Structures are given as C-alpha cells and as structure tokens.
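Work through the following exercises with the model open beside you. Each task is followed by a solution that goes step by step.

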Amino acid sequence: MKVLVIGPGGREHAIIRSLLADPVVTEVHAAPGNAGIGELVPTHAINGNDPAAVAALATELAVDLVVVGPEAPLAAGVADAVRAAGIPVFGPDKAAAQLEASKAFAKEIMAEAQVPTAMALVATNADEAASALDTFGAPYVVKDDGLAAGKGVVVTKDRDEALAHAQTCFDAGGTVVIEEFLDGPEVSLFVLCDGQTTVALSPAQDFKRIFDNDEGPNTGGMGAYTPLEWAPPGLVQEVIDRVAQPTVNEMARRGTPFVGVLFVGLALTTRGTRVIEFNVRFGDPETQAVLARLKTPLGSLLLAAAKGELDQIEELRWSKETAVAVVVAAENYPDAPRTGDRIRGLKKVDALDGVHVIHAGTALDADGKVISAGGRVLAVVAVGNDLVAAREKAYDGVELVQLPGSQFRSDIGRKAARNEIKVSAAATGALPITKAKGLV
C-alpha cells in the first residue's frame, strides 16, 4: 500500500512513523513535511491546503490512501477533491469538517444528537457577549467560532478580559461561542469513523496552557500522556455510546457522513461526562503518545476507515507501557515565536532507550542543519513500564535538546504520577441532558 500524508507537523511525523511500521505499507510520501519527516520519506513542496494540488499529487503518485493531518486542508475541501479523483481518503469532507471549523455548528449537532456538553450561547457583538457572560458567570469561557489551531479559547475569571477577547474576534469579522465552565479533569479521546462505525483509541490527557500548573495562555498543546489509569471504568464505552456514535449517526442522517478521526475533548465534571469540543483530526501532541503504544498496524486501520470497513477489523492491540510526550516550544510561543535557531542534541535523544523525537515546527537551513520553524518545535516521546518511568525518560530527553530560548512544561503527567487526580463519582452515567431556550 502506498500512502500520501498531508501536513507539516508533529502529528504527521508520528503518523508516518507508525505507517512505516505497518508491513502492508510499502511506500509513504508527505506534503509538505518538515525536517524530521524528510529524513524518513520523500516530501513534496505543494500547498497542502489546495484541494486541486493535493488531488493532482495523489493521482501522480498513484497512492492507495491519502491521510489528511491538519484541520485547515480538511476545512478547505482537500478530502472532497481527492475522493472525486477516486482515491480513498482518511479525513472528512468539507461539510463534515464543520464539526471543527464552526463551534456553533458542532453545538447544533450535539444538541440534535443529544450529546452531553456545556450549555452555550453564540454572540455576534459586544452586547450579546456581555449578556452571555452574565448568563453563565465566572469562570468565563470564550471560544472563537472558527479554526484557531487550539489557541482561540480564553478561560478567565476576569470579565473584562473575556469581553476583550470576544471584541477582538468581532473586529476581525468573526463570532464567538460563550459557554458554561466545565470543572473536573480533562480527557482526549480519538475515535476512528468510517461514516457508520466508530472505533476508539486509547484515552490521553493533554496540557493546553503554556506554563506549569496550567497557567498562562492556551497553546496548541504542551504535552500528553496515555493511558489514564485514573479514568473511570467504562468511560470509553460511554463516550462511544453517548457521544461518538450519536454524532456519526446524525452526520449520516444529514447526508454528510463523517469519515476520519473524531477528536472528542471531554471534561469529567461533577455533573457527569461532558464534551468540551470536537476536532476532526488527530490531536497534537496526544497523537505522539497514543501512536507510541498502538500495536495494531496503522495503515490497515486508516484504509479500513476510508473504505467503510471498520466493522471488519479485529480488536485493537496496545502496548502495556505508558507513553509521555513533552513539547519543546520556541521562545515567545504562543505569541510571536522566535524561529530560525539551530537545534542540537536530537541524535542524542533518539539514542536513549525507549525515547524518540517527533519534529513539528522544524526545517533545514542552507547547510542542511535542523532549525526551528514554528512555535511548537518538537516533542520528546518516551515509553516506560509506568508513568513515573516514562516521565523520567521523556525529561531526560528534553534536557538533551539544545535550542536557544526554548521552553517546556515540567509537569506533564505529574499529578497523575502522584495519584493527585480526583474524579467525581458522577463522572460516568451523566445526568439527563437539559435544553434551555436560546442555548445551543
């Protein structure tokens, strides 16, 4: 099987590593790729957000499967163009990608599918935003309605700060979704979908804030670990039964079947399990940790989803080890990250037992040396017998990375390793869903 992976980041690098370990995958190409991806497979310098360009490349290479990694090309209709060319695609069409491209649309789908989620109001101007903030009270949750690479969310106790974020979005011609705050620990769950059938991967926990102890602004994700030993028994099946399958059924009912991976962001609240958000692609950096444990060949899985054959696959197989991913970000990330700096020590990291580097925002300079080219530059991924061992390995690797001004969180998985995560008894078996007038 020949596969083309679209995307330039860490998620795509992790996917490609797993594809190359699949015995039925004979060849992998990437577009556009990054410095780490280029060490593994041929890369093609096209615009990955251009549907016609991706479809032409897939046709020229005569690939058997296209895997679209990021959200932007999915929202642009890349999957539509490739399917129109007769090539199987892992990734939703433009219409189905609205589950991430519009948070208001996602709330509408959740309401129709009776999915438990935070109550929310859509605001298009300052007066509506102020009213919505007062409806829910602090902490205030304000989300840009469109794509924001994981950074278009403000959670704050400061009403003025919440209003200011909303106004910035209005000034740019956008709208915001204002939600009730959801308490409790968060969980990320990837669910493979083929338009009808859903198959869950191993749950993970992500860390969005830039600084330790969940302080500072939101980022695209500063680290993750899996599995979650503290998660309630039956959580995954509950999410399939009450969230993923009803959502896929509703999308199919509307004539926009969802094919790809549905990322379900969850909060295990004192009122039960609630959906924070949907994404329509593998999350980054959770993908790096989750795929490090997956033993089932990835290429065959993704092709089955693309061809509507997930009901024919065998039960997924997982390593018993724990995986931890720690992101190394550039100076000034997430505001105005510094780029162009030489990165050293990567080979030393890869030489550690059970540790590897996943490239995200990297490139090669004129001398062929690896340099930083984005905010989240790379992730150090480690597997160990338990969370304590995996964390130790990951941070040993991080200490070997030499990047001027770089930053990372030192507390990825620390609370779980110390058994400090508490889950409410109501976190499963969520309360009946209620609807209020004007809420979506």
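A polar contact is a pair of N or O atoms within 3.5 Å, where, within protein, one atom must be able to donate a hydrogen and the other to accept it, and where residues adjacent in sequence count only if both atoms are side-chain atoms. The model is predicted, so that local features need pLDDT of at least 70 and side-chain atom pairs count only at pLDDT 80 or more, while totals for chains, interfaces and linings use all residues. Residues are numbered from 1 along each chain as its sequence is written, and side-chain values use heavy atoms, with hydrogens and water left out.

**Exercise 1. Describe the surroundings of Arg376, and decide whether Arg376 is buried or exposed.**

Start with the location: Arg376 is found in strand E21, strands (E, at least two residues) and helices (H or I, at least four) being DSSP runs numbered from the N terminus. Next, take the accessibility: Arg376 counts as buried because its relative accessibility is 18%, and buried means under 20% relative accessible area, exposed over 50% and partly exposed in between, with a 1.4 Å probe and protein chains only. Then turn to the polar contacts: the side chain of Arg376 reaches the backbone oxygen of Asp284 at 3.0 Å and the backbone oxygen of Gly221 at 3.1 Å. Finally, with neighbours within four places in sequence left aside, the residues in contact with Arg376 (heavy atoms within 4.5 Å) include Pro285, Val327, Tyr333 and Ala360.

**Exercise 2. Place strand E21 in its sheet, and find which residue of E21 is the bridge partner of Ala323.**

Two strands pair if DSSP finds at least two bridges between them. The sheet is open, has 5 strands in the order E11-E14-E17-E21-E18, and its pairing is antiparallel. Its edge strands, each pairing on one side only, are E11 (205-206) and E18 (355-359). Strand E17 (residues 322-329) runs antiparallel to E21 (residues 376-384) and is joined to it by 8 bridges; within E21, Val383 is the bridge partner of Ala323.

**Exercise 3. Which residues have the most contacts inside the largest nonpolar core?**

A nonpolar core is a set of buried Ala, Val, Leu, Ile, Met, Phe, Trp, Tyr and Cys residues joined through side-chain atoms within 4.5 Å. The largest one has 76 residues, and those with the most contacts inside it are Leu4, Val66, Leu99, Tyr225, Val264, Phe278 and Leu378. Helix H10 gives the most to this core, with 7 residues. Apart from it lies another core of 47 residues, among them Val41, Leu192, Val261 and Leu310.
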